[in-house]
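Visitor: I would like a close look at the aromatic rings in this structure and what surrounds them. Could you take me through that part slowly, with the backbone and helix packing along the way?

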Amino acid sequence: MKTIVLGAGIIGISTAWHLLERGHEVTVVDRQPDAALETSFANAAQISVSYCEPWANRAAPWKALKWMFDKEAPLLFRPQLDWEQWRWCLKFLAQCNDSAFERNVQQIVALGAYSHAALKDVVRSTGIEYHRLERGIAHFYSDQKSLDEAGHAVEVMRQFGVQRRLVSKGELLQIEPAFKAYGDRITGGTYTSTDESGDARVFTQQLARRCAERGAKFLYGHDVLRLNKIGNAIDSVAVIDRQSGVGGKKDYLLKGDAIVVACGSYSAPLLRTVGVDLPIYPGKGYSATFPLRKPEGAPMVSTIDDGKKLAMSRLGDVLRVAGTIELGGFDLSLDSPVARARCHMLSRRIEEILPGVCDTRTPEQGGNPQYWTGLRPATPTNIPFIGSTRLGKLWVNAGHGTLGWTHGAGSGKALAELISGARPAMDFGFLGTEAAPPRRAAVAA
């Protein structure tokens, strides 16, 4: 079968790889000059199967209201004159109850376990190296109220097979001694030994190289102009080379037996042009990558700081710190007052927690912090859309929010199985199929 994959992030490349594994012909289209140069470029680096709670819970609306005027807030809602934003928010509010939370967790955990196994299989078969650390993920808290709430969350998540456990401050500092300097402000934490971390960009680009070696065709530097519909099916995709297009060359058409939209946050507006309406909205996230001044003092366990809702991951000789969600459209600027405040918060927080370990100096001070922002394709449930649409030949793999790296390998494998006529072995509500009866999902160790 001839397949066209639109998007070369972790989701698109994983889909391409698994399609090739099943004998399909693959063409990948992306506007960037290489794979993983947008949302997969500098994320938090965590494979967080066990830290996967949906954003929507009964406390979320009140927290969002409280944070609206705080530039450094973990979740910042920036109202726009945009119906899609408000419609998404209404759908999100409808998920902010306990029954929806449990229903959504079940599917997210099932996909996470399936995806983690798929990632391990890909790494075993390819030998890709990407600063992988299989040391689990720790989460520390700085106040007793939050720690007490974490204990309740541990019990809830264990019902779904998540092996997260509550740990004392002493045990947390044994798991990761790097936080001893901040230890007097830590009240305790949680830990999962089965999670891991690694560089999503490096992995995705290496997997793309292996796809090319197996015969995949890559059209980098190409814009997707439109999906061409004839009747109830997609006939072709119009694309244009960014460089040749400047000289006046016309777009050309790509035809295939299956067309996969894996364009992250940009999937929704593209799909709406052919009448497929999915609630995917961009959540702007930030990260900073700091060179290590004292490698011996840097954490080796990927960690979440509950106080600021930030994730920290060691990637060789640098530390990646990432977090915050900003709902304000497709803005990717790093020079606005809000963006600068959020970037500076990352630097300041690292100095508070790991004083002197990283080079957090600004360029004016002689430093070289690598600030980055990307648009996380969020759904109101935090469950991605994977499967077929009502239009013939048109498939979707999008809406992974903050869990694209966690769910990437499994989402690609699952969609490739569906395109090949098989049913993935997990309980998940795939688009275009009847959902299997839910059961408790076990997270693979």
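Guide: Happy to. One definition to begin with: a residue is called buried when its relative accessible area is under 20%, exposed when over 50%, and partly exposed in between. Please keep in mind that this is a predicted model.

Let us try that scale on the backbone. Alanine 36 has a relative accessible area of 3%, so it is buried. This residue is found in the loop between strand S2 (25-30) and strand S3 (46-47). Its phi is near 60 degrees, a positive value in a residue other than glycine. Most residues other than glycine have a negative phi. Alanine 45 also has a positive phi, of about 75 degrees, although it is not a glycine. Alanine 45 is found in the loop between S2 and S3, and with a relative accessible area of 1% this alanine is buried.

Now to the rings themselves. A pair of aromatic rings is described by the distance of the centres and the angle of the planes. The structure holds 12 aromatic pairs. One of them joins tryptophan 88 and phenylalanine 92: the ring centres are 5.3 Å apart and the planes meet at 15 degrees, so the pair is stacked. The cut-off behind that word is an angle under 30 degrees. Both residues belong to helix H3 (residues 83-94), and because they are 4 residues apart there, about one helical turn separates tryptophan 88 from phenylalanine 92. Tryptophan 88 is buried, and phenylalanine 92 is buried too. Ring pairs also bring in Tyr281, giving a cluster of Trp88, Phe92 and Tyr281.

Compare this with tyrosine 266 and phenylalanine 330, an aromatic pair that is tilted, with 5.1 Å from centre to centre and 40 degrees between the planes. Tyrosine 266 lies in the loop between strand S13 (258-261) and helix H9 (267-272), while phenylalanine 330 lies in the loop between strand S17 (318-327) and helix H10 (337-353), so the pair ties together parts that are 64 residues apart in sequence. With a relative accessible area of 26%, tyrosine 266 is partly exposed. Phenylalanine 330 is partly exposed as well, at 36%.

Tyrosine 266 has a further partner. The charged end of arginine 31 sits over the tyrosine 266 ring, 4.4 Å from its centre. A comparable arrangement involves tryptophan 17, where the charged end of arginine 214 sits over the ring, 4.8 Å from its centre.

Finally, the helix packing. Two packed helices are described by the angle between their axes and the distance between the axes. Helix H4 (residues 98-126) packs against helix H11 (residues 404-419) at an angle of about 85 degrees, with the axes 7 Å apart. That angle makes H4 roughly perpendicular to H11. On the H4 side the contact includes Ile108, Leu111, Tyr114 and Leu119, and on the H11 side Trp405, His407, Lys413 and Glu417 are among the residues met. The residues of this contact divide into 8 nonpolar, 7 polar and 3 charged.

One last stop in H4 is glutamate 102, which has its place in that helix. Glutamate 102 counts as partly exposed because its relative accessibility is 34%. Its C-alpha atom is 9.5 Å from that of asparagine 57, although the two residues are 45 residues apart along the chain.

Notes. Residues numbered from 1 in each chain as written. Predicted model: local features only at pLDDT ≥ 70, side-chain atom pairs only at ≥ 80, totals over all residues. Heavy atoms only, no water. Axes fitted to C-alpha atoms, helices over the stretch in contact; angles between N-to-C directions. Helix = DSSP H or I, 4+ residues; strand = E, 2+ residues; numbered from the N terminus. Parallel < 35°, antiparallel > 145°, perpendicular 65-115°, else oblique. Contact = heavy atoms within 4.5 Å. Nonpolar A, V, L, I, M, F, W, Y, C, P; charged D, E, K, R; others polar. Phe/Tyr/Trp six-rings, centres within 6.5 Å; stacked < 30°, edge-to-face > 60°. Buried < 20%, exposed > 50% of the residue type's maximum accessible area, 1.4 Å probe, protein only. Lys NZ or Arg CZ within 6 Å of the ring centre and 35° of its normal.
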